[in-house]
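Good morning, everyone, and thank you for making time for this. Please have a look at the sequence and the structure on the screen before I begin.

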Amino acid sequence: MITAHCSLDLLGSVAALCVCDLSPAQCDVNCCCDPDCSSVDFSVFSACSVPVVTGDSQFCSQKAVIYSLNFTANPPQRVFELVDQINPSIFCIHITNYKPALSFINPEVPDENNFDTLMKTSDGFTLNAESYISFTTKLDIPTAAKYEYGVPLQTSDSFLRFPSSLTSSLCTDNNPAAFLVNQAVKCTRKINLEQCEEIEALSMAFYSSPEILRVPDSRKKVPITVQSIVIQSLNKTLTRREDTDVLQPTLVNAGHFSLCVNVVLEVKYSLTYTDAGEVTKADLSFLLGTVSSVVVPLQQKFEIHFLQENTQPVPLSGNPGYVVGLPLAAGFQPHKTGALPCQLVAQKVKSLLWGQGFPDYVAPFGNSQAQDMLDWVPIHFITQSFNRKHFVLQDSCQLPGALVIEVKWTKYGSLLNPQAKIVNVTANLISSSFPEANSGNERTILISTAVTFVDVSAPAEAGFRAPPAINARLPFNFFFPFV
């Protein structure tokens with residue numbers, strides 16, 4: 001037991017810690033570890049506001065000081081005890097050879113006296129916004145042997161720039177193109193028509209000159225190849241150029257007004273990749289136009305699509321619900337067909353109605369994947385025959401005359417954004433009996449196809465909870481003496 005008259009130096013740095021010592025050169029009330037307090041001050045203390053003072057809690061074993069007051073003494077005295085505390089956590093520091101690393105270092109604030117010294121020790125400052133963005137972007141890109149989803153595409157100098165609108169409709173050129181992220185954006189630029197030849201974003205070279213790294217941090221580069229150039233005139237007519245030479249914006253004076261020709265209006269990237277996350281090919285298509293003072297500011301459109309190598313892209317008819325006007329996504333399962341009982345002409349007519357490779361299934365949504373076979377809707381095939389009564393049946397031939405397809409769909413999902421979903425498809429092949437024509441005679445047979453879409457959506461009902469059932473039993477004599 002160590003009393004107040006003992007020297008605090010015996011306790012080392014732990015005794016020097018006092019979190020309740022807030023007033024310099026003054027005794028804080030009930031602060032037993034305050035070195036400014038005397039025995040006279042302890043006599044008016046009621047208790048120690050901070051009874052235990054410990055060092056760094058990250059160590060496995062640390063010194064602690066326990067403070068208390070001895071009111072039996074006259075005058076009352078402060079009592080403190082030095083103990084060893086064990087940290088129960090398995091993640092603790094046993095020993096350290098650099099104690100300043102356990103706490104944050106107070107930064108040195110620059111002033112007129114130390115500014116020159118801080119400038120010599122630092123790497124300097126930069127006011128170039130593009131270099132800062134490029135530098136931070138390179139730090140965020142993981143060093144991997146392949147591209148992963150969402151990782152910015154690297155080029156020989158920084159990253160593949162994909163202009164887009166951020167906080168406003170204006171184009172921002174420092175937006176990176178992300179791997180496997182298909183995008184299609186529109187944005188506007190405020191341009192000075194007299195300086196159109198100096199604006200990089202209006203030139204083809206700004207988009208076709210970068211070389212994409214095959215994989216991140218690789219020395220192998222994939223050049224961007226211009227596949228097509230389409231010229232749009234002021235009256236919106238389109239003309240495709242035979243060559244793919246890079247054209248520069250050119251300012252042309254046409255009488256009292258100026259025109260800027262060969263200005264980039266649309267840019268479409270098509271990148272081919274492998275299943276190993278490597279970019280193997282980069283194609284580019286341009287739509288160039290003529291800009292006059294009437295169309296300033298200028299609207300541009302940018303698209304980027306990713307295609308896997310050795311695969312054919314499958315167009316979607318919606319995402320996820322079907323979009324009006326787009327074709328139904330359908331497919332068939334290969335199977336062997338037996339011999340048809342009808343004559344050769346009947347087989348020809350039937351093949352004409354069914355077409356080549358009539359599907360067996362229809363996708364329920366516009367973005368359904370082919371591998372999700374169990375989710376697709378099977379097509380129900382119905383064959384109907386109608387006999388004519390004005391000729392002998394044994395001299396007749398059953399010929400298909402009509403193919404009627406009925407598609408039933410429903411509104412699926414939330415009431416705020418319902419999606420069109422195919423729930424049933426029926427293909428009805430209607431055949432009729434026709435008398436066989438004599439040899440050398442010709443007969444004209446009318447055939448028809450029809451497709452109908454039937455909305456089978458059930459009316460929306462509010463989803464309220466059922467009212468609670470009151471199961472109350474009254475005593476048998478509740479209505480006595482009236483009943």
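I will talk about the nonpolar cores, then about some of the disulfides, and at the end about one residue in a strand.

Please keep in mind throughout that what we are looking at is a predicted model.

Let me begin with the inside of the protein, where the largest nonpolar core has 34 residues, and where Leu 153, Tyr 207, Tyr 269 and Phe 286 are those with the most contacts inside that core. Several elements give two or more residues to this core, among them the strands β7 (183-189), β12 (257-273) and β13 (279-292), together with the helix α5 (205-208). There is also a second, separate core of 16 residues, which includes Val 14, Phe 42, Phe 45 and Tyr 67.

If we stay with Leu 153 for a moment, which residues does Leu 153 touch, not counting those up to four places away in sequence? They are Tyr 147, Phe 159, Leu 160, Ala 177, Phe 179, Leu 271, Val 279 and Phe 306.

Now to the cysteines. A disulfide is a covalent bond between the sulfur atoms of two cysteines, and a search of the whole structure finds seven disulfides, of which I will describe a few.

Cys 32 and Cys 48 form one of them, with their sulfur atoms 1.9 Å apart; the link is left-handed, with -90° about the S-S bond, and both Cys 32 and Cys 48 are buried.

Another disulfide joins Cys 60 to Cys 92, with 2.0 Å from S to S, and this link is right-handed, with 95° about the S-S bond. Because Cys 60 lies in the loop between β2 and β3 (61-70), while Cys 92 lies in the loop between β4 (77-86) and α3 (115-121), the pair ties together parts that are 32 residues apart in sequence. Is Cys 92 buried or exposed? With a relative accessible area of 24%, Cys 92 is partly exposed, whereas Cys 60, at 18%, is buried.

A further disulfide joins Cys 171 to Cys 187. Cys 171 lies in strand β6 (residues 171-172) and Cys 187 in strand β7, so this pair ties together parts that are 16 residues apart in sequence.

Finally, consider Thr 449, which is found in strand β20 (residues 448-455). Thr 449 counts as exposed because its relative accessibility is 57%, and the cut-off for exposed is over 50%. Leaving aside neighbours within four places in sequence, Thr 449 is in contact with Leu 353 and Leu 403.

Methods: Residues are numbered from 1 along each chain as its sequence is written. This is a predicted model: local features need pLDDT of at least 70, side-chain atom pairs count only at pLDDT 80 or more; totals for chains, interfaces and linings use all residues. Side-chain values use heavy atoms; hydrogens and water are left out. A nonpolar core is a set of buried Ala, Val, Leu, Ile, Met, Phe, Trp, Tyr and Cys residues joined through side-chain atoms within 4.5 Å. Buried means under 20% relative accessible area, exposed over 50%, partly exposed in between (1.4 Å probe, protein chains only). Helices (H or I, at least four residues) and strands (E, at least two) are DSSP runs, numbered from the N terminus. Contact means heavy atoms within 4.5 Å. A disulfide is a pair of cysteine sulfur atoms within 2.5 Å.
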